[in-house]
Amino acid sequence: MPSLQQSTQQLEQNSLRLFYDGKIEEGIGLLRSELNAADPNVLSSADRARLLAVMGKLHSHQAFLMNSSLDVALESLNEAVQIAEELGENETLGIALSYRGFATYTNTFHNAIGHYQDALPDIDRSLEIREEIEDVRGIAESLIYQGILYERTEQPARANANYERAAQITHEHGFELEESYAVRHLAFIRQNDGDLEGAREYFERSLELRQKAGFRTGLALSHFSLGGVLLDLKRYDEALEQLNHAESYASEFGLTRVRTLCHYLLGEGATAQGDVDEAVAQLERSRDLSREIDYEVGVQREETKLRELLSG
């Protein structure tokens, strides 16, 4: 079985560090430059497959966070899968399949393309491969993505079991980033079940894990989710603090859709506290940002809420 060169392993680590620090485009650029400039007689097929898999991973996260196109992600991941299968590079194959499944899921989530079930074959296969080669971190990642698909296909018990198993594995091995995802999705299940205090505790734990792991890219969504459940708990001052943190990170990293959501919930918080002028200002900001990125669902949501406020 071919092995990866040390330079490829270092390049992968450097690109992931940029991703964690909120510099996804820089991480992608680092990988793209190497792939475009590399001498095919020097860069082995195994190394090319790995760099393509990691680049597809970053493109997939970028598309999820920014509603950007998934075409390049899928192109990279399809090539990575093909090469890794031919070479028997199962660790790389597990990565590529996992993120091709995630990209397929994202296309359904954001663009209503296909169905959530379409992503399951790749995720299921990535889990099987990772269990065979005892890739513990990879097993946890595949369990989480499989759990997300169970959630989306209305199988909450199966999803919860996946997240519990992933949380246990990641906690035992000190995989803070992956544990933050598992705990975060346990929080969503509790929130959906009406256990708001349980959800708050899990969201807080997920946020702490991301801060500890240095995963700044995920902090906007972490603060946003915690702010949302605090709003539900009518803990308004704490909620608004979290939502302002979320807006700040989303602004820093160019996550405009997340900013629209933050301003919408800030408007909800102001409404609950009886400050109509502030609520209108926040909702108008949300609407304007939604228009900037052609986020029609957001525009309609904010205009509906504004009409309700102004007619009351």
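**A predicted all-helical chain, seen from Leu 266**

Leu 266 has a relative accessibility of 6% and therefore counts as buried, since the cut-off for that class is under 20%. The model in which this residue is described is a predicted one. Leu 266 belongs to helix H13, which covers residues 256–272. Leaving aside residues up to four places away in sequence, Leu 266 touches Leu 240, Leu 243, Asn 244 and Gln 282. A further spatial relation links Leu 266 to Ala 279: the two are 13 residues apart in sequence, and their C-alpha atoms lie 7.2 Å apart.

Both Ala 279 and Gln 282 are among the buried residues of helix H14. Helix H14 spans residues 276–292. From its first C-alpha to its last, this helix of 17 residues reaches 24 Å, close to the 24 Å expected at 1.5 Å a residue. The remaining buried residues of H14 are Val 280, Leu 283, Ser 286, Arg 287, Leu 289 and Ser 290. In an α-helix there are 3.6 residues a turn, so residues three or four places apart point the same way. The cover over the buried residues of H14 includes H13 and helix H15, the latter formed by residues 296–311. After H14 comes Asp 294, which has a positive phi, near 55°.

Helix H3 offers a second example, towards which the reader may now turn. It comprises residues 45–66, 22 residues in number, and reaches 31 Å from its first C-alpha to its last, close to the expected 32 Å. H3 is mostly covered, with 19 of its 22 residues buried. The residue Asn 67 follows H3, and its phi is positive, near 60°.

These elements belong to a chain with 15 helices and 0 strands. For its 312 residues, a compact globule would have a radius of gyration near 20 Å, and the value for the chain, 20 Å, agrees with this. Along the principal axes, the C-alpha atoms fill a box of roughly 70 × 40 × 35 Å. Of the 312 residues, 54% are buried. Among contacts with a separation of 6 or more, 58% are made by residues 24 or more positions apart.

The surface and the charges complete the description. The chain exposes about 14300 Å², of which carbon and sulfur atoms supply 45%. It carries 30 positive and 54 negative charges, and the mean positions of these two sets are 2 Å apart.

Technical notes: Residues are numbered from 1 along each chain as its sequence is written. This is a predicted model: local features need pLDDT of at least 70, side-chain atom pairs count only at pLDDT 80 or more; totals for chains, interfaces and linings use all residues. Side-chain values use heavy atoms; hydrogens and water are left out. Helices (H or I, at least four residues) and strands (E, at least two) are DSSP runs, numbered from the N terminus. The radius of gyration is taken over C-alpha atoms; the globule rule is 2.2 Å times the number of residues to the power 0.38. Buried means under 20% relative accessible area, exposed over 50%, partly exposed in between (1.4 Å probe, protein chains only). Contact means heavy atoms within 4.5 Å. Accessible areas come from the Shrake-Rupley method with a 1.4 Å probe; for residues, only the protein chains shown count as cover. Lys and Arg count as positive and Asp and Glu as negative; His and the chain ends are not counted. The place of a charge is taken as NZ of Lys, CZ of Arg, CG of Asp or CD of Glu. The expected span of a helix is 1.5 Å times one less than its number of residues.
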